[in-house]
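User: Please take a close look at one part of this model, starting from its charged side chains and working outward into the surroundings. I would like one connected account, with the criteria spelled out as they arise.

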Amino acid sequence: MAEQKLSEGPGPVLPVVVWGVNKSDEIFKDKSFGGSGDWEKIAGLAKCISVGADGSVWCVNKEDKIFQYLGDGKWHEVAGLLKQISVGNHNEIWGVNAQDEIFKYSGDNKWQKIDGLAKQ
């Protein structure tokens, strides 16, 4: 099967990768690159998962712990606690904690607090 591609405007053409979680917090990835429903179960549990344009995958679990996907079913726990996470790419990871404070990941297990509050 040929890999499906998504392209908008100038820039690289990237494969479409769909990830999701179910009501039991199980993590799934669409193996077919394009949403055909051929799902692969990935190790771990998450209440929220986000995939960046470059394929970077981050999630938070029901204890608000943060994880970065390393591939092959392996996750790296990142310092901090967030209730929501959003990934633009490997350099653009944003999150909101239980107090609705906004944070941007600055690398090396460090988060920069951003002025303001946000609700999910």
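Analyst: K83, D100 and K119 are linked in a network of salt bridges, a salt bridge being a side-chain nitrogen of Lys or Arg within 4 Å of a carboxyl oxygen of Asp or Glu. The model is a predicted one, in which local features need pLDDT of at least 70 and side-chain atom pairs count only at pLDDT 80 or more, whereas totals for chains, interfaces and linings use all residues. Residues are numbered from 1 along each chain as its sequence is written, and side-chain values use heavy atoms, with hydrogens and water left out.

By the salt-bridge rule, the count comes to six. Beyond the network, one of the pairs is K104 with E92, whose side chains meet at 3.8 Å, N to O. K104 sits in strand β12 (residues 101-107) and E92 in strand β11, so this pair ties together parts that are twelve residues apart in sequence; helices (H or I, at least four residues) and strands (E, at least two) are DSSP runs, numbered from the N terminus. E92 is partly exposed, with a relative accessible area of 30%, where buried means under 20%, exposed over 50%, and partly exposed in between (1.4 Å probe, protein chains only).

The strands that carry K104 and E92 belong to an open sheet of four, in the order β10-β11-β12-β13, with antiparallel pairing; two strands are taken to pair if DSSP finds at least two bridges between them. At the edges of this sheet are β10 (84-89) and β13 (110-117), each of which pairs on one side only. Neighbouring strands of the sheet are turned against each other by 25° on average, direction ignored, with axes fitted as lines to C-alpha atoms (for helices over the stretch in contact) and angles running from 0 to 180 degrees between N-to-C directions. Between β10 and β11 (residues 92-96), which run antiparallel, there are five bridges, and I85 stands opposite G95 in β11.

I85 leads on to the interior. The largest nonpolar core is made up of twelve residues, namely C48, W58, V60, I66, V78, L82, I85, V87, I93, F103, Y105 and W111, such a core being a set of buried Ala, Val, Leu, Ile, Met, Phe, Trp, Tyr and Cys residues joined through side-chain atoms within 4.5 Å. The elements that give two or more residues to this core are β7, β10 and β12. Apart from it lies another core, of ten residues, including I42, A46, V57 and F67.

C48 connects the core to the network described at the outset: not counting residues up to four places away in sequence, C48 touches W58, C59, V60, K83, Q84 and I85, with contact meaning heavy atoms within 4.5 Å. What about disulfides, pairs of cysteine sulfur atoms within 2.5 Å? By this rule the count comes to zero, and C48 is in none, the nearest cysteine sulfur, that of C59, being 8.2 Å away. C48 is buried, with a relative accessible area of 10%, and C59, at 2%, also counts as buried.

V60, another member of the large core, has I66 in β8 as its bridge partner. β7 and β8 pair in the antiparallel sense over three bridges, within a second open sheet of four strands, ordered β6-β7-β8-β9 and paired antiparallel. Its edge strands are β6 and β9 (74-81), each pairing on one side only.

Another salt bridge involves the loop between those two paired strands: the side chains of D64 and K47 meet at 2.5 Å, N to O. D64 lies in the loop between β7 (57-60) and β8 (65-71), and K47 in the loop between β5 and β6 (48-51), so the pair ties together parts that are 17 residues apart in sequence. D64 counts as buried at 15% relative accessibility, whereas K47, at 34%, counts as partly exposed.

A further pair is K41 with E26, whose side chains meet at 2.8 Å, N to O. Since K41 lies in strand β5 (residues 39-45) and E26 in strand β4 (residues 26-30), this pair ties together parts that are 15 residues apart in sequence. K41 counts as exposed at 51% relative accessibility, while E26 is partly exposed at 23%.

How values were computed:
Disulfide = S-S within 2.5 Å.
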